[in-house]
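Thanks for asking me to look this over. Below are my comments as numbered points, to be read with the model open beside you.

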Amino acid sequence: MTLPNTTLTAVPGFRVGHWTDPVGLTGCTVILCPDVGAVASASFLGPSPGTREGVLLAPEKKVERVHALLLTGGSAFGLAAATGVVRVLEERGVGHETPWARVPIVPAAVIYDLGVGDPGARPGEREGEAAARSASGDPVERGRVGAGTGATAGKYLGQAFTVPGGLGSVCVERHGARVGALAVVNPIGDVLDERGGVLAGPGVGPGAAAFGGGAVTPGEVESTTLVAVVTEHTLTKNDARRLADAAQTALGRVIHPSHTFWDGDSAFVLSSCVLPPADPMLLGALVQEVVCAAVRDAVRSVSKEK
């Protein structure tokens, strides 16, 4: 019996592909949009976001549609994987129309995973190309895969208490509105369950006396959660930005502490705009629901792998 697709790719028009290095413990994940692109915007919180083309997503910028989104490990080195995604899209004739060429618009965001496996193992052009070529509408593979391969959580007490983070994906439909999300979970804080209990992480809070007290100073760029939210319901760039802010609010509900001095959280919202607009309040509620669910799905998917 084929199980129903309850991941981001249940939203028609969006496809997901991974490239995974299980030895170097890194990887990248590509979300391909419909060929005409998706209206998109983003919200970046924390002092250390690593991004490519992020400035184009500001509502006041001219380009409205993107053609793919790359989420990757490898810190700033991993941004090179976006070039491979661009190459695949160019081959397929997908991109923003200009007088001399179609130019694919591929924003990207990274997590820092260099200290988890081999610090010299980073996604590059070939790896981004492989992820893009593997993209499909099949249910998203989750856990220690793609950009979530080297993701970890609960880093506030130091490396000895760190736990796997992973990649999760969920789709939620309520009252005729549908929203999908994919999360790469690499925060400094704990991941909380639906009742506020600790799902992943030490669960004792920063500076806990039971673990020796004192402050552990994390690395400045080692923690980031990446979220991509997709929908079919028509949005403007301003709408997408407001929903991206709602996605960041959801991270504050499911990760504790969240948006710290050591996080660089990035939330993207993309719409294929093939359906009429949904009720804004309903859509905002669904975004928060699906982001929380995707973050929890990441760590639960990793637990199932053990």
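1. Let's start with α3 and α4, which pass each other in a right-handed crossing. On the α3 side, the contact is made by L243, A246, A247, T249, A250, L251, R253 and V254. Their partners on α4 are L283, G284, V287, Q288, V291, C292, V295 and R296. Sorted by character, the residues of this contact comprise eleven nonpolar, three polar and two charged.

2. Now the geometry of that pair, bearing in mind that this is a predicted model. Two packed helices are described by the angle between their axes and by the distance between those axes. Helix α3 covers residues 237-254, and α4 covers 280-305. Their axes come within 8 Å and cross at roughly 45 degrees. That angle makes α3 oblique to α4.

3. How confident is the predictor overall? The protein chain has a mean pLDDT of 91, and 93% of its residues reach 70 or more. Please take care with residues 209-213, though, where pLDDT stays under 50. For that stretch the model has five contacts beyond four places in sequence. Where pLDDT is low, the predicted coordinates should not be read in detail.

4. A second helix pair is worth a look: α1 (residues 81-91) and α2 (residues 125-134) pack with their axes 6 Å apart, at an angle of about 50 degrees. The two are therefore oblique to each other. The crossing of α1 past α2 is right-handed. From α1, the residues A81, T83, G84, V85, R87, V88 and E91 take part, meeting E125, G128, E129, A132 and R133 of α2. This contact divides into four nonpolar, three polar and five charged residues.

5. Which residues of α1 are buried? They are A81, A82, G84, V85, V86, V88 and L89. These buried residues pack against α2 and also against the strands β2 (26-32), β4 (50-52), β6 and β9 (108-110). Just after α1 comes G93, with a positive phi of about 75 degrees.

6. Ahead of α1, have a look at S75, in the loop that follows β6 (68-72) and leads to α1. Is S75 buried or exposed? S75 has a relative accessible area of 16%, which is under the 20% cut-off, so S75 counts as buried. Beyond its neighbours within four places in sequence, S75 is in contact with V110, I111, Y112, D113 and L114.

7. Some backbone details deserve a check by eye. Most residues other than glycine have a negative phi, and most peptide bonds are trans. Against that background, the peptide bond from H256 to P257 is cis, with omega near -10 degrees. P257 sits in the loop between β17 (255-256) and β18. H259 belongs to the loop between β17 and β18, and its phi is positive, near 50 degrees. With a relative accessible area of 25%, H259 is partly exposed.

8. C273 is another non-glycine residue with a positive phi, near 60 degrees. C273 is found in strand β18. Its relative accessible area is 18%, so C273 is buried.

9. What about P277, in the loop between β18 (265-275) and α4? P277 counts as exposed, at 61% relative accessibility. Setting aside residues up to four places away in sequence, P277 touches H233 and T234. The C-alpha atoms of P277 and T236 are 9.7 Å apart in space, with the two positions 41 residues apart in sequence numbering.

10. Last, V198 lies in strand β15 (residues 198-200). V198 is partly exposed, with a relative accessible area of 41%. Apart from neighbours within four places in sequence, V198 is in contact with D190, V191, L192 and G203. How far apart are the C-alpha atoms of V198 and L70? They are separated by 29 Å, and the two residues are 128 residues apart along the chain.

Key: Residues are numbered from 1 along each chain as its sequence is written. This is a predicted model: local features need pLDDT of at least 70, side-chain atom pairs count only at pLDDT 80 or more; totals for chains, interfaces and linings use all residues. Side-chain values use heavy atoms; hydrogens and water are left out. Axes are lines fitted to C-alpha atoms, for helices over the stretch in contact, and angles run from 0 to 180 degrees between N-to-C directions. Helices (H or I, at least four residues) and strands (E, at least two) are DSSP runs, numbered from the N terminus. Angles under 35 degrees count as roughly parallel, over 145 as roughly antiparallel, 65 to 115 as roughly perpendicular and the rest as oblique. A crossing is left-handed if the near helix is turned anticlockwise from the far one by less than a right angle, and right-handed if clockwise. Contact means heavy atoms within 4.5 Å. Ala, Val, Leu, Ile, Met, Phe, Trp, Tyr, Cys and Pro count as nonpolar, Asp, Glu, Lys and Arg as charged, and the others, Gly among them, as polar. Buried means under 20% relative accessible area, exposed over 50%, partly exposed in between (1.4 Å probe, protein chains only). pLDDT is the predictor's confidence in each residue, from 0 to 100.
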